[in-house]
Amino acid sequence: MLGEWFNYDFMRNAFLAVCLATPLFALLGIMVINNRMAFFADVLGHSSLTGIALGVLIGLGDPFWAMVAFAVLVACAINFFKGATHATSDTVLGVFLSVSVALGIMVLSRGGGFSKFTSYLIGDILTVTRTQIITLGLILCVSVAYLMTAGNGLMFLSVNPSVARVRRVPVAYLETTFTILLALVVAFSIRLVGILIINALLVLPAAAARIVSRNFFMYAVMAVVISLTSGIAGLILSYYWGTSAGATIVLCTALWYGVLALTNRKR
Amino acid sequence: METNSCKHCCIKVEGLSVTLGRRAVLDNINIHVNCAELIAIVGPNGAGKTTLLRAILGEVPYRGAMRMQIEGRARKDIRIGYVPQKCVFDIDSPVSVLDLVAAGVSKQPVWLGVNGRIQKKAEIILDKVEAGYLLKRRLGELSGGELQRVLLAIAMWPVPNLLLLDEPIANMDPKGLSLFYEIVTRLKKSHDVAILMVTHDLVGVAPHADRLLLLNRSVIAEGKPEEVLKDKALIRTLGPHLWNISKIPINEG
């Protein structure tokens with residue numbers, strides 16, 4: 001009934017991982033988009049390349065914590081430079097994106113060994129382990145719990161930071177904690193979906209959901225529905241087409257976006 | 001002239017100075033604003049009007065002090081309500097008026113939905129600024145005046161000691177404008193709020209203000225609107241196009 005793909009262990013694992021990862025990405029994504037952090041999240045994702053490089057330099061077997069640490073460092077540096085220079089944040093982000101990608105490639109390509117690391121660029125959700133699935137579940141729980149307390153504050157912040165501050169929303173705390181959570185999730189998911197498309201999984205469901213949402217609840221529900229259905233559809237299609245699961249999932253989400261955008265053009 | 005103030009509550013800004021870089025933006029500003037009193041702050045561009053508000057909000061470093069007295073006793077914890085000049089959300093933002101008000105009045109996460117009880121409360125709060133009908137609208141669908149009324153409703157919950165209005169009427173049509181002044185005056189009287197309003201609309205605000213404060217880096221003139229409007233310093237500071245300003249009708253009381 002479910003099709004032959006479900007007979008394989010790796011596909012069942014990947015299915016579980018998709019069911020946990022896509023709602024996680026959707027929920028973080030709605031905040032990322034609403035707070036105009038799409039480009040920022042992209043820089044965080046790409047900075048993992050340097051994180052991996054650092055992990056290799058230090059001699060870590062698993063560069064996960066090096067990726068998280070470097071992403072947080074980049075986030076702090078971006079905030080510092082935004083305050084210190086008068087450049088628009090777009091420009092500052094662009095600079096950090098190029099620097100962290102170049103630095104990562106430089107270190108990883110020493111002696112012509114970059115091809116070892118291409119798996120980080122594309123990722124492979126089919127290799128997901130039981131432990132990773134459990135960790136993913138835990139991260140989802142933590143993120144939902146976090147958004148239960150921080151969601152209102154982040155929404156206020158997106159409308160006007162001064163109003164948020166005067167209402168005693170802990171603005172600096174929220175900006176820092178949300179960035180760290182984002183860095184953790186991105187660093188963890190890199191191996192599953194890859195550096196090149198991880199941002200699409202954050203941005204697209206929320207972007208598509210915005211087209212039809214008239215309030216925040218609908219926004220969250222639509223983003224999760226779009227993300228989850230695209231995730232499952234993309235995984236199954238990738239099995240039959242022999243394509244990368246991550247990329248196929250992204251294209252399914254893009255299809256949602258395209259259809260919703262074209263059918264709601266008037267608004 | 002009769003004032004609405006209880007004479008016991010007062011917020012004092014004392015000797016406030018702000019230096020940004022090497023430039024003195026504000027120099028020795030003293031303002032006493034009583035409860036149920038609206039002070040309109042006028043002045044040319046670059047006079048430091050917005051900087052003054054940002055200093056009071058604690059967003060720029062300043063020298064000087066801010067104090068509050070309630071019934072003669074000093075209180076440190078001043079609750080401020082703030083209506084910004086503009087908001088920078090995207091036009092397609094999915095945040096509805098109800099979402100924003102609900103996030104202001106309850107701790108329940110609005111992304112999980114807003115229950116009936118909180119919606120009732122939000123409606124009551126919005127009705128005070130005649131914005132109840134906007135409940136289900138998205139922020140991007142509001143006119144300038146409607147958005148300012150919603151932000152005013154949020155700033156008034158919980159009732160602040162000091163309400164700061166930063167050029168709230170910049171994007172309003174005449175109808176929205178008179179409604180906004182009417183509502184602010186009503187809230188001032190019913191909730192005994194002290195209000196500082198930065199504005200370019202000298203002509204519009206004069207009949208509604210209890211006092212006018214002419215600011216240009218320092219306080220140039222201060223007093224009842226009819227006094228300040230006759231002050232020669234006003235024309236010197238704001239420009240000769242205001243030559244017949246003293247003919248503005250002031251409704252006493």
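**Chain B and its interface with chain A**

Ser106(B) is buried, at a relative accessible area of 15% (buried means under 20% relative accessible area, exposed over 50%, and partly exposed in between, with a 1.4 Å probe and protein chains only). The model is a predicted one, in which local features need pLDDT of at least 70 and side-chain atom pairs count only at pLDDT 80 or more, while totals for chains, interfaces and linings use all residues. Residues are numbered from 1 along each chain as its sequence is written, chains are lettered from A and ligands numbered from 1 in the order in which they are written, and side-chain values use heavy atoms, with hydrogens and water left out.

Ser106(B) sits in the loop between H2 and helix H3 (116–127) of chain B; helices (H or I, at least four residues) and strands (E, at least two) are DSSP runs, numbered from the N terminus. A polar atom of the Ser106(B) side chain lies 3.1 Å from the backbone nitrogen of Gln108(B). Apart from neighbours within four places in sequence, Ser106(B) is in contact with Asn152(A) and Ile118(B), where contact means heavy atoms within 4.5 Å.

Asn152(A) belongs to the other chain, which leads to the interface as a whole. Here 39 residues of chain B are in contact with 29 residues of chain A. The two chains bury about 2800 Å² between them, 57% of it on carbon and sulfur atoms; buried area is the accessible area (1.4 Å probe) that two parts lose on being put together, summed over both. In chain B, Glu59(B), Pro94(B) and Trp111(B) lose the most area to chain A, together 27% of what that side buries.

Six salt bridges are found by the rule across the interface of chain B and chain A, a salt bridge being a side-chain nitrogen of Lys or Arg within 4 Å of a carboxyl oxygen of Asp or Glu. Arg168(A) forms a salt bridge with Asp77(B), with the closest N and O atoms 3.3 Å apart. Strand S6 (80–83), helix H2 (97–105) and helix H4 (144–155) of chain B each supply at least two residues of the side that touches chain A. H2(B) gives the largest share of that side, four residues.

Away from these elements, Gln69(B) is found in strand S4 (residues 63–70) of chain B. Gln69(B) counts as partly exposed, because its relative accessibility is 29%. The C-alpha atoms of Gln69(B) and Cys10(B) are separated by 5.3 Å, although the two residues are 59 residues apart along the chain.

Methods
Polar contact = N/O pair within 3.5 Å; in protein donor to acceptor, adjacent residues only side chain to side chain.
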